[in-house]
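Work through the exercises below with the structure open beside you. Try each task before reading its solution.

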Amino acid sequence: MTTLSAPGSRRAWVYIPLTMMALFYLVPLYVMLNTGFKSFDEVSLSTMWNLPSGFAFDNFRAAWEALRPNLWNSVKIVVPAATISSVLGSVNGFVLAKWKFKGANIVFPVLLFGMFIPYQAVLIPLVTFMSKIGLAGGTWGLVLVHVIYGIPITTLIFRNYFATIPETLIEAAKIDGAGIFGTFTRIMLPLAIPSFVVVYIWQFTSAWNDFLFAVVLTNTENWPVTVALNNLAGSQIIAWNVQMAASFLAAVPTLLIYVFLGRYFLSGMMSGALKE
Amino acid sequence: MAVASAEKTARPTRKSRGNFFTLQHWWGILWVLPSLIAVMVFVYGFIGWTARVSVSAWKGLLADYTYVGFQNFTDLASDQRFAIDVQNTAIFTVVFVLGCLGLGLGLAILLDKGIRAEGFYRSLFLFPMAISFIVTGVVWRWLMNPAQGDRLSGLNLVFDKLGLDFLVNSWHGTPTWGIAAVAIPAVWQMSGYTMALYLAGLRAVPESLREAARVDGASELQVYRKVVMPLIRPVTLSAIIILGHISLKVFDLIIAMAGKQVALDVPAIYMWTTTFDGFFFGRGAAIGIVLLLSVAVLVIPYLWYTLRQESDT
Amino acid sequence: MTAKKVFRFVAVLLALTLVAAACGDDSTSTTDGDSTATTLSSGGADEVEVFSWWTGGGEAAGLDAMIAVFANTDPDITFVNSAVAGGAGTNARAVLASRLQANDPPDSWQGHAGQELIGTYVAADQIEPLNFLYDQEGWLDVMPETLIPLISDGGNIYSVPVNIHRANVLWTNPTVLADNGIDVPATLDDFFAALDALKAAGMDAPLAMGEQWTSMHLMETIMLASMGADGWNGLWDGSVSWDSADVTAALEAFDKVLGYTNSDASALSWQDAGQLVLDGDAAFNIMGDWAEGFYRELGMEPNVDFGWAPVPGTAGLFQFLSDSFVLAKNAPHRDAAIAWLTVAGSLEGQDAFNPVKGSIPARSDGDRSLYGEYLLSAMDDWASDTVVGSLTHGVVANDSWKSEIDSALGLFLLDRDVAAFQTALVAAQTASG
């Protein structure tokens, strides 16, 4: 086959498929932004690939008007959910890695399996239960659900991290007379900050992107952005160009996180495959 | 990069026994108890509850737990719509998993060559992961607009302009195979992730092994086939399981792209419509249980294997 | 990232959480307010809790207009508007169901008039007959005689319809028809002739159709045209069998009609399909009369840019759908709920709601100065036509039956096997019975 002798020439051809693939990944982003920046007059399905003649913000303005309350709802759901999840996950991860009790090796997989279940298998009880306890409809019910179904992955990430911390640190703390609380807060927490970032980002992203739980558990006025966006796209009184701009707005927060904290994001992703 | 330098999977650092009656021991249990209870109720309790509904006659607004045995399951077996669901899931899974594996491995091999701007490309291939399936669905719905003639738009318009008329197609409007078109955005979204998994796997293959093969006169292609591929087979297995369970659960993407139509129906959507639009709670629960079992068949051996391997090391 | 920076990051996030928590409290207290109100108020001031899934657009505005009328007629009753929507009403129904299971019903709620309400809530013994109110208010004299059986069960009337939409409307592009020398078709045979002529003239898909529910809409109007009012009604009251030859003929007609529709239907909304007619890409579209509101919103002139007629073969028939309100059994505020229903059925209430929503009143004595050209023609037909119910919009079949028909239809659109479709429709009736 090809003799790939000179490193220089080898590199050169590599860029061709890479760049072609890059285009494939960028096409949707191009359409979202390109359409978003056109004025209403310029928008037409037959010219969707043409660049805008100038920067107009009609679409973004309209999309913002339509989605603003829902973006705020998403924030109200996602920030508490991610925060509480991080705290719970760190506690569980610490105990399961460093403060093992008899049966800890059973508890861990029992928790972990929850990560993979199809939520359709719990939907009927969930809706019934949440409305019985009066938490259906509002944003707090959704926070609770994201926290609980987030326990497996957050526990996993923290446990895997804590397991890498040398046992000698714990022993030393114990010799100094520290109990579980002291060991956790003084020794482990400061070390676990990178894991906090990973877990926070993971929970933020998955709660932000959730649709299924939100659509069964929130009222219209509490809809997060995904449900509202799907509704916009379904209603079609809203033109497709506004849908494009709205899609972009809905994706901005998680994209920003990805751009600025990509390393931590990826690390969370990898835990999903049970690999660190 | 975190992945490249990733440590071996976590390992338990000491045997935990002998301290059963100590205070410390109870503290540990106490700390995980809230989470454990929550998961017991919301995961296992609710699954049990769903299982109970799945063998009930519940149809209509008010709960009816009259036991009907496996009636709902046997009905599903002869339900033509469910047969479409199974067929669609199969097609979707094949296209999605193979697409992600092929693209992911290809990109990982290209990036593994130590090129400049590796970070840039890698970030580019991965960014769709950060986006929700709903956003993906809404955008691709317009890219894959099946309108023909002078109403041509989206990717079809590009094909037409480039003279690639033979590529113009009706996407998810195609009979039987329409679901494969829905898998394309899913590949777009998840192939970067597969690439990252493979890249981590490739980086873990010691350069000395490759070098040794090259010294033995192996071509670059042979190095990959004979040396690298066998070593990253576990990565492929992980990826198949992760991607496979995602494809069994696919829901949001189809709802956003195509709404509720039988042609593109999957079990997750059938469960949803039959339960909440048609009030067939028993049947909906049965579909939920079938979904759960198929995911469990895939995931439990994997979980067991991974955790056991971990405690062996 | 240094540890210090990360700490700051976490601190900011925690602060955000607190802010969000504070704001979150507001929203929970308002939503909770709705449900706790009923228990708190039993001894206090009079109020009525009405549960609806009208939360946007003309519907919500129409409801507000009717609430304003209610505030005038019954100033001492507080109106608690529990508008709960989501998942296109799906979510609201789940919430309502769980409240009914917990014996905590709202006083009144909204639903499509007919079997969607009867099959679900009468069957579960959750709503009261309203015959006394119809007698007391004289509504039987102002509502079409043929409407009453469709919203009744066993001689009992169960809901107060506030608005009426018509399902069997053929929308046309007058220019396309004139250019091809085609008259608006009056019978199914005329319709096929017109479609053939347009096809011969080079129009691939002269009849525009959209996603799956719009094909159910098309199906019900064609079946009505083929079977007539008695045949159609008989399907739902059990007097006509689903495996009869009449049904076969009707389904074959539907199958034939589908042959003239656009191939990308499944990817189009009803608005997209309507747009095809406006743009002259298609000549016809069969859709409910909310399409008229859509056309006018686009600035189109009635009878110039678009025309309308009853679906071919259904002249003299008015296939209706309606939003209506019910009275809960054991309503916590029964008298207040009856006062609300009285307003909902009153001339003043209906004339407040309908011009805003873009529909016609269920009463035939609406103030004609309030309605536009199309709606006036619909009002005339409503007063004189035979009224039959819509399937797609909840009048003739309950939700379970409808969803089974929807599955069967979805399969039919894939294989176009009329015999298998008919078998599946027979099974649908059994499964949901």
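**Exercise 1. Contacts and burial in chain C**

Task: For chain C, find what share of contacts between residues at least 6 apart in sequence join residues at least 24 apart.

Solution. This is a predicted model. In chain C, take the contacts between residues at least 6 apart in sequence; 79% of them join residues at least 24 apart. Next, look at burial. Chain C has 433 residues, and 52% of them count as buried. Then list the elements. Chain C holds 17 helices and 15 strands.

**Exercise 2. The domains of chain C**

Task: State the bounds of the two domains of chain C, then describe how they touch.

Solution. Start with the bounds. Domain 1 of chain C covers 45–163 + 323–381, and domain 2 covers 169–313. Now place them in space. The C-alpha centres of domain 1 and domain 2 of chain C are 30 Å apart. Turn to the contact. Domain 1 of chain C brings four residues to it, and domain 2 of chain C brings six. Finally, sort the domain 1 side by class. In chain C, the side of domain 1 that touches domain 2 has two nonpolar residues, one polar and one charged.

**Exercise 3. The make-up of chain B**

Task: Describe chain B by its elements, its box and its burial.

Solution. Count the elements. Chain B has 13 helices and zero strands. Read from the N terminus, its elements run α-α-α-α-α-α-α-α-α-α-α-α-α. Next comes the box. Along the principal axes, the C-alpha atoms of chain B fill roughly 80 × 70 × 30 Å. Then burial. Of the 313 residues in chain B, 49% are buried. Last, contacts. Among those in chain B between residues at least 6 apart in sequence, 70% link residues at least 24 apart.

**Exercise 4. The domains of chain B**

Task: Give the bounds of the domains of chain B and analyse the contact between them.

Solution. The assignment splits chain B into domain 1 (42–78 + 281–313) and domain 2 (84–279). Their C-alpha centres lie 28 Å apart. The contact draws 15 residues from domain 1 of chain B and 11 residues from domain 2 of chain B. Now classify. On the side of domain 1 of chain B that touches domain 2, nine residues are nonpolar, four polar and two charged.

**Exercise 5. Chain B against chain A**

Task: How many residues does each chain give to the contact between chain A and chain B?

Solution. Chain B gives 92 residues and chain A gives 86 residues. Look at where the chain B side comes from. Its largest share, 18 residues, belongs to helix H1 (residues 23–54) of chain B. Then sort by class. The side of chain B that touches chain A has 64 nonpolar, 20 polar and eight charged residues.

**Exercise 6. A helix pair in chain A**

Task: Classify the packing of H6(A) and H7(A) by crossing angle and handedness.

Solution. Locate the helices. H6 spans residues 167–175 of chain A, and H7 spans residues 180–191 of chain A. Their axes come within 10 Å and cross at roughly 125°. Therefore H6(A) is oblique to H7(A). The crossing of H6(A) and H7(A) is right-handed. Now name the residues. Leu169(A), Ile170(A) and Ala173(A) of H6(A) meet Gly182(A), Thr183(A) and Ile187(A) of H7(A). Sorted by class, the residues of this contact are four nonpolar, two polar and no charged.

Definitions and conventions: Residues numbered from 1 in each chain as written. Chains lettered and ligands numbered in written order. Predicted model: local features only at pLDDT ≥ 70, side-chain atom pairs only at ≥ 80, totals over all residues. Axes fitted to C-alpha atoms, helices over the stretch in contact; angles between N-to-C directions. Helix = DSSP H or I, 4+ residues; strand = E, 2+ residues; numbered from the N terminus. Parallel < 35°, antiparallel > 145°, perpendicular 65-115°, else oblique. Left-handed = near helix turned anticlockwise from the far one by under 90°. Contact = placed C-beta atoms within 7 Å. Nonpolar A, V, L, I, M, F, W, Y, C, P; charged D, E, K, R; others polar. Domains from an automatic or database assignment. Buried ≥ 20, exposed ≤ 12 C-beta atoms within 10 Å, placed from the backbone.
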